[in-house]
Every structure is written in structure tokens, then in C-alpha cells.
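Colleague: I am new to this structure and would like a close look at a single part of it. Please take me through that part slowly, and tell me how it sits in the rest of the chain.

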Amino acid sequence: MTATLPDFILEPLVRAALTEDLTPMGDVTTRAVIPAGTRYVARLNAREPGVVSGMQIAAIAFRLVDPGLKVETRVADGQPCAPGQTLMTIEGDAGSILMGERVALNFAGRLTGIATMTAAFVAQTKGTKARVTCTRKTTPGLRVVEKMAVAHGGGSNHRFGLSDAILIKDNHVAAAGGIRAVLEAARAARSHMMRIELEVDSLAQLEEALEVGGADVILLDNMDTPTLHKAVALNAGRVVLEASGNMRLERIAEVAATGVDYISSGALTHSARTLDLGLDF
């Protein structure tokens with residue numbers, strides 16, 4: 001997935017958030033205290049360093065509230081930001097700017113936090129072939145934008161959902177009768193465009209999977225670093241290897257050094273801290 005999507009894909013998410021914030025009576029505070037026709041230039045500023053994401057979505061929020069607002073992005077999604085730096089300016093009706101403020105900041109702060117955390121993980125892989133990737137552990141309804149934020153941070157996207165790749169987990173293996181059974185069934189069922197990934201949690205399972213064949217990717221789940229080294233040696237470049245499970249920032253460098261191809265972490269989307277952004281008048 002590219003790091004930029006057409007606005008029409010993102011608009012339903014933003015519309016839903018605006019509807020939540022403005023239903024049923026609109027912005028009663030702004031209507032009460034801001035004289036009609038008041039115009040202003042607002043600045044969306046970073047209050048701490050990070051990697052920007054969500055500017056496209058913030059712009060959509062302001063334009064949906066009022067197409068007459070002039071929105072100018074100063075720092076594009078995927079670019080670094082510094083404390084005090086202006087990321088976007090919004091010029092026009094002050095009431096309209098205030099109505100869109102919270103939704104724009106909620107998206108931008110959350111997604112910038114994800115991009116920033118991803119960039120920190122990616123930095124730990126420098127000098128290795130390992131790539132950092134996300135998982136399906138995303139906020140319900142927001143997967144598309146959270147995965148986009150991972151891309152803005154320099155990470156890779158894993159499968160989007162259950163329908164775009166065959167990922168055989170330990171529960172599948174247990175229910176279907178073993179590694180040979182699931183791999184043979186997956187090979188028979190897949191189309192020529194679909195890849196198969198198998199999760200293993202021991203070197204014995206890895207050895208069996210390599211013997212049976214049919215997996216394009218093998219996920220090494222919750223293995224310690226010495227075991228990952230052994231798994232890479234055993235694999236000898238035959239299939240793509242993904243390390244997963246308990247992938248904390250402080251561990252990424254040593255995991256990348258084992259020679260795995262991918263490191264997946266649900267923390268990128270479920271544990272990223274919202275970056276502090278503010279709209280200043």
C-alpha cells in the first residue's frame with residue numbers, strides 16, 4: 001500500500017468522526033461566542049519532535065466542515081518535524097476552523113505517533129536487511145489510516161485483512177491436524193496470486209515446514225534471539241522469515257542482526273503514543 005490514498009477513501013472515516021463530534025446541535029460554543037463572519041489564520045504546530053502523518057486527513061476534516069477554508073500543508077506526511085514547527089495553516093472562517101479542530105488533531109496526533117514509533121523501530125534495523133512491518137492489531141475501523149501511518153514512518157504493511165493472504169497460525173495447525181495437513185490444504189486452495197505464511201514456534205516445526213514445502217513465508221513466533229540465529233541458519237535462504245512476538249524497541253537491533261527478513265510488531269499500532277500537536281490561533 002502506498003503512503004498516500006485518494007481523498008474519497010479517507011473521507012468516510014473523517015465524516016463519521018465529524019458527525020460524532022457535531023451531532024446533534026453542532027458547535028454550540030463557537031456559535032455562542034464567535035461573531036459570524038470572523039476570519040482567522042490558524043496554525044497546526046508540532047510541540048515535540050516526530051515523523052508526520054495525518055496531514056492529508058486533517059486537511060480533509062477542515063474542508064468537509066467548510067470548503068471555503070484555505071488549507072496549506074507545510075510539512076508533508078512522512079517528513080520529520082521539530083518542536084514549534086508549523087505543519088499546516090488554515091485560513092478562513094474562525095467558526096469553521098474551530099469546528100474541525102478536534103477531529104483534525106485527533107487523527108493527526110494519533111497517526112503521527114504511529115509514524116514516529118515506526119521510524120524509531122526502523123532506525124534500529126540500519127545496516128541489516130530486516131524490514132519492520134505492522135500487524136492486524138489496529139483500532140477497529142481505522143486500519144487503513146493506521147497502516148498508512150506505518151508506511152509514513154518507513155515501515156512495511158503486512159496483510160490488510162483475512163482475505164488477502166493465507167496466514168496459518170498455531171490454532172489453524174492444531175485444528176487441521178498438523179503442519180503437513182495445513183500446508184497441503186493451503187497449496188490446493190490458494191490462487192496463483194496468493195502467498196502462504198505459516199507460523200511456527202520451534203525449530204522442529206520450522207524443519208518440518210521446510211521439509212514439507214509450500215510456505216512462501218515462515219513466521220518465527222516468540223523465539224529468543226539465539227533461536228532466531230539457529231532458525232536463519234536452518235532456513236539457509238529458502239523462504240522469507242518473519243520474526244514476531246514481544247518485539248520491543250530495545251530488542252529490534254539484535255533481532256535484525258540475526259538475518260531475518262521481516263520483524264512484525266503489533267505495538268506500532270496498538271501501543272503508539274499520540275504525539276502532542278496543537279492548533280494555535
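How many salt bridges does a search of the whole structure find? And, as the part to look at closely, which strands form the open sheet that holds β1 and β12, and in what order?

Modeller: Please keep in mind throughout that this is a predicted model. A search of the whole structure finds 12 salt bridges, and among them is the pair made by arginine 47 and aspartate 280, whose closest N and O atoms are 3.0 Å apart. Arginine 47 belongs to the loop between β1 (39-46) and β2 (50-51), while aspartate 280 belongs to strand β12 (residues 277-280), so this salt bridge ties together parts that are 233 residues apart in sequence. Arginine 47 is partly exposed, at a relative accessible area of 45%, and aspartate 280 is also partly exposed, at 28%.

A second salt bridge starts from the loop between β1 and β2, for glutamate 48 pairs with arginine 273, and here the closest N and O atoms are 2.9 Å apart. This pair, too, links distant parts of the chain, since glutamate 48 sits in the loop between β1 and β2 and arginine 273 in the loop between α11 (267-270) and β12, 225 residues apart. The two partners differ in their surroundings: glutamate 48 counts as buried, at 17% relative accessibility, whereas arginine 273 counts as exposed, at 54%.

A further salt bridge joins arginine 74 to glutamate 72, with 3.6 Å between the closest N and O atoms. Both of these residues are partly exposed, arginine 74 with a relative accessible area of 47% and glutamate 72 with a relative accessibility of 37%. Where salt bridges share partners, they join Arg47, Asp276 and Asp280 into one network.

With these contacts in place, we can turn to the sheet itself. It is an open sheet of 4 strands in the order β3-β5-β1-β12, and the pairing is antiparallel. The edge strands are β3 (70-73) and β12, each of which pairs on one side only. On average, and with direction ignored, neighbouring strands of this sheet are turned by 15 degrees against each other.

Strand β1 can be followed through its partners on either side. Towards strand β5 (residues 86-93), β1 is joined by 7 bridges, and the two strands run antiparallel. Within that pairing, valine 41 has glutamate 91 of β5 as its bridge partner, and arginine 43 has threonine 89 of β5. Towards β12, β1 pairs in the antiparallel sense over 4 bridges, and there the bridge partner of asparagine 45 is glycine 278 in β12. Strand β12 therefore meets this part of the chain in two ways, through its pairing with β1 and through the salt bridge that ties aspartate 280 to arginine 47 in the loop between β1 and β2.

Leaving the sheet by way of β5, which spans residues 86-93, we come to helix α4 (residues 94-123), which has 30 residues. From its first C-alpha to its last this helix reaches 40 Å, close to the 44 Å expected at 1.5 Å a residue. Helix α4 also has a kink of about 40 degrees, centred on glutamate 101. Aspartate 93 caps the N-terminal end of α4, with a side-chain oxygen that lies 3.1 Å from the backbone nitrogen of glycine 95.

For the wider setting, the chain has 11 helices and 12 strands, and its C-alpha trace spans about 75 × 35 × 25 Å along its principal axes. Of the 281 residues in the chain, 47% are buried. Another open sheet is built from 6 strands in the order β6-β11-β10-β9-β8-β7, and there the pairing is parallel. In that sheet β6 (131-133) and β7 (166-168) stand at the edges with a single partner strand each, so one side of each is left without a neighbour in the sheet. Its neighbouring strands are turned by 25 degrees against each other on average, direction ignored. As one example of the parallel pairing, strand β9 (residues 217-221) is joined to strand β10 (residues 240-244) by 5 bridges, and leucine 219 stands opposite glutamate 242 in β10.

How values were computed
Residues numbered from 1 in each chain as written. Predicted model: local features only at pLDDT ≥ 70, side-chain atom pairs only at ≥ 80, totals over all residues. Heavy atoms only, no water. Expected span 1.5 Å × (residues − 1). Bend = angle between axes of the 7 residues up to and from the residue. Polar contact = N/O pair within 3.5 Å; in protein donor to acceptor, adjacent residues only side chain to side chain. Salt bridge = Lys/Arg side-chain N within 4 Å of Asp/Glu carboxyl O. Buried < 20%, exposed > 50% of the residue type's maximum accessible area, 1.4 Å probe, protein only. Pairing = 2+ DSSP bridges. Axes fitted to C-alpha atoms, helices over the stretch in contact; angles between N-to-C directions.
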